[in-house]
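Visitor: I have a model on screen and some questions about how its parts fit together. Can we go through them one at a time?

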Amino acid sequence: MSASYEVRGPVAVITMSNPPVNGLGYDTRVALAACVERAWADSAVQAIVLTGAGKAFSGGADIREFGSPKAVAEPNLLSLIKMLESSPKPVVAAIHSVCMGGGLELALGCHYRVAARGANIALPEVKIGLIPGAGGTQRLPRVLGVETALNMIVQGDPVKSEVLAALPGQKLIDRLAEGDVVEAACGLAEEVAARRPLPRVRDLPLAHPDADAYFQFARNTVKAMAKNFPAPLKCVDAVEAAVKRKFDDGMVLERELFMALMLTPECKALRHAFFGERAASKIPDVPEDTPVRQVAKVAVIGAGTMGGGIAMNFLNAGIPVTILETRQEALDRGLATIRKNYEAQVKKGKLKQDKYEQRMALLAPTLSYADIADADLVIEAVFEEIGVKEQVFRQLDAVAKPGAILASNTSTLDVDRIASFTQRPQDVVGMHFFSPANVMKLLEVVRGAKTAKDVLATVMQVSKKIRKTAVVSGVCDGFIGNRMIEQYSRQSGFLLEEGCTPAQVDRAVEKFGFAMGPFRMGDLAGNDIGWAIRKRRYTEKPGLRYSKTADLLCEMGRFGQKTGAGWYDYAPGKRDAIPSPVVVEMIEKHRAELGIQPRKISDEEIVQRLVYSLVNEAAKILEEGIASKASDIDMVYLTGYGFPLWRGGPLCWADQQGLFNVVQSMKRFAANPRDDGEFWQPAPLLAKLVAEGKTFT
Ligand code: NAI
């Protein structure tokens, strides 16, 4: 049952009921239409109230149906809205909690609207690359005015009902309910039961005193804001049509724009990311009702770069943190950095002084393990050395209370080995944050061989509390993100050897949409980190070919921004990357020593070689079960590595190129005399998908 019918005196109350947010999928629409017909037929009923059960009026269309026949099957959303609008008996929407997208469009088809305070009202379609497609762009301006409505449609963010109700001249909300919203709506329904003609939003006049100039201005602003996304500009077009065309003609244009956007790669990418974010928290063999452990107190071991940022996440969420160091100076330094970060936020007006003080009051520094004995979750962020980790985990095993979760922020070490330092490997898990840990959305949750399911479920829940996108990774060198980036770095080194400069590679990759190219990234993170990892990795795998250019750079002491020089030069105190003749000369000399004749490499080849390096490794990661689904890998790249959102992640992008074409390009790259045949060997899963005509996503 996805809608219920109840008669209260002369009023029929129709309640949409499709948890969690009363999405307007096919079944709900059918049920809703049947209830409306019943109310029409019921001679005792003089008016109708429409509301939603549970946590929402309605969260809108069921976007899982998009592109399927169900989405347009009658009664579709447009027909349903028409049905309400042309109802012979008045229809009053009783809005509460969430009224978004198709839900708001449905409410705008009603004759009257009563809203509870605190309801979140929005047309968020733009966030998945669309415009509202069921009259939202035509009706919202008629009740809120052109400018307010366009702002809401272009931004897609929710606005509280009481804020909208207070706007002068607004006709969206006829009444703010003080008590029960359905009761208030029934009251209004009885009042208007005999009133005719019934007011329809479509009939409201709409004008703008200076429409041409306003829409020109709106277009310029939106264009600058929405560079790589087509939908926001289409919002402007649709709202302009609401002003300049007849209602029905505006509806036609809205529909056309909506359908065209649906087919764009940007819309597909945004929908992929939207579902990917939700899917990431689901772990195939960990049921959703797995009981979780309570996490009311957190301890962080190590107050360095990562420890401080990690602690801030929990303080921001109101969870007390004890932070432990070995020496007072290190503790003081760590605390000072946390303070400095918060003070910068206060200065920028992003954090209120009293909130800052509340957060700092939740932080307890200590040098003693006795003080963390009652922590529910301990996150270790000490030096990346197995000996140091061992010492810490043996101590944690001795003092932590039974059932405490012991997490490591290690980026390269074996979580199973770390777990083996304790008598409770089931309680050990990796929580791999990204730098700066208080800013970056991504959290890789590393599942050890013995990690308990309730530990995983708990960590996934905690990650939501601290507003991270958590993705589960199995244990392997580099986990998902860094294991893939290794191939990308290797390939960027080969590009230098074959004829590129660092600036050329970065430019091509940044034009593709990455926040930063590989060499600017290296300079920011510190080239010495990769150097240290290579020394270990390539002694373990001596046959593996890689370009020595980055090692030569480090031998010159050029570690990046922190030493004032890396792949680029830096003016003192500045972060602008200036191409360095010294580095170009070093690369040329190395190239000559290798006997390579440089050639001109196109931007397209640069991008394909780098992104397909990611894709091929991702296929291996999927096949090995290190990641459980393709969208998890895309989420890692979208939230942790600056991959362009409008391309949906490396695997979504590869799918859009066609995996057949991806493999064809890889074969072409393999024919390069510089390749030893190893790098571009398609991963078995990739070859299989091509053979079966399938995609990753
Ligand atoms: P860091 O050197 O800035 O901080 C480490 C801190 O741990 C220092 O303050 C040190 O005094 C403290 N420490 C060392 N031994 C300790 C012990 N036995 N007990 C308590 N405290 C101790 O290092 P960073 O960058 O914060 O890295 C920490 C961990 O996070 C490492 O495992 C690293 O691989 C990982 N990581 C680092 C990332 C980064 O971008 N820096 C990113 C993701 C993970």
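Visitor: In E14, which residue is the bridge partner of glutamate 380?
Guide: Keep in mind that this is a predicted model. Strand E13 covers residues 377-380, and strand E14 covers residues 405-408. The two strands run parallel and are joined by 4 bridges. Within E14, glutamate 380 has as its bridge partner serine 408.

Visitor: Which residue of E13 is the bridge partner of valine 300?
Guide: Strand E10 spans residues 298-301 and pairs with E13 in the parallel sense. That pairing has 4 bridges. Valine 300 is matched in E13 by isoleucine 379.

Visitor: Are the residues on the two faces of E13 buried or exposed?
Guide: One side carries Leu377 and Ile379. The other carries Val378 and Glu380. Both faces are covered, and these four residues are all buried.

Visitor: Where is the chain divided into domains?
Guide: Domain 1 runs over 3-261 and domain 2 over 298-473. The centres of domain 1 and domain 3 are separated by 47 Å, taken over C-alpha atoms. The remaining domain, domain 3, covers 481-692.

Visitor: Which side chain has an N or O atom 2.7 Å from an oxygen atom of the ligand?
Guide: Threonine 305 places a polar side-chain atom 2.9 Å from a ligand oxygen. Methionine 306 reaches 2.7 Å, but with a backbone N or O atom. The side chain that has an N or O atom at 2.7 Å belongs to serine 411.

Visitor: How much of the accessible area of the ligand does the protein cover?
Guide: On its own, the ligand has 830 Å² of accessible area. The part covered by the protein is 80%.

Visitor: Which element gives the largest share of the shell around the ligand?
Guide: Three elements give two or more residues to that shell: helix H13 (305-316), helix H16 (386-399) and strand E15 (428-433). The shell has 23 residues, and among those that come nearest are Met306 and Lys389. The largest share is 3 residues, from H16.

Visitor: How many residues of the ligand shell are charged?
Guide: Nonpolar residues number 11. Polar residues number 9. The charged ones number 3.

Visitor: Why is strand E6 largely enclosed by the rest of the structure?
Guide: Tyr112, Val114 and Ala116 point one way from E6, while Arg113 and Ala115 point the other way. Parallel pairing links E6 to strand E4 (residues 91-95) over 4 bridges, and to strand E9 (residues 175-177) over 3 bridges. E6 is largely enclosed because its buried residues number 5 of the 5.

Visitor: Is leucine 176 buried or partly exposed?
Guide: Leucine 176 lies in strand E9 and is the bridge partner of alanine 115. Its C-alpha is 5.8 Å from that of alanine 116, although the two are 60 residues apart in sequence. Buried means under 20% relative accessible area. Leucine 176 has 22% relative accessibility, so it counts as partly exposed.

Visitor: How many of the 11 residues of helix H20 are buried?
Guide: H20 covers residues 502-512 and is largely enclosed by the rest of the structure. Its buried residues include Gln504, Asp506 and Phe512. The buried count for H20 is 8 of the 11.

Visitor: Which residue with a positive phi follows H20?
Guide: Its phi is near 125°. The residue is glycine 513.

Technical notes
Residues are numbered from 1 along each chain as its sequence is written. This is a predicted model: local features need pLDDT of at least 70, side-chain atom pairs count only at pLDDT 80 or more; totals for chains, interfaces and linings use all residues. Side-chain values use heavy atoms; hydrogens and water are left out. Domain bounds come from an automatic or database domain assignment. A residue is near a molecule or strand if one of its heavy atoms lies within 4 Å of it. A polar contact is a pair of N or O atoms within 3.5 Å; within protein, one must be able to donate a hydrogen and the other to accept it, and residues adjacent in sequence count only if both atoms are side-chain atoms. Accessible areas come from the Shrake-Rupley method with a 1.4 Å probe; for residues, only the protein chains shown count as cover. Ala, Val, Leu, Ile, Met, Phe, Trp, Tyr, Cys and Pro count as nonpolar, Asp, Glu, Lys and Arg as charged, and the others, Gly among them, as polar. Buried means under 20% relative accessible area, exposed over 50%, partly exposed in between (1.4 Å probe, protein chains only). Two strands pair if DSSP finds at least two bridges between them.
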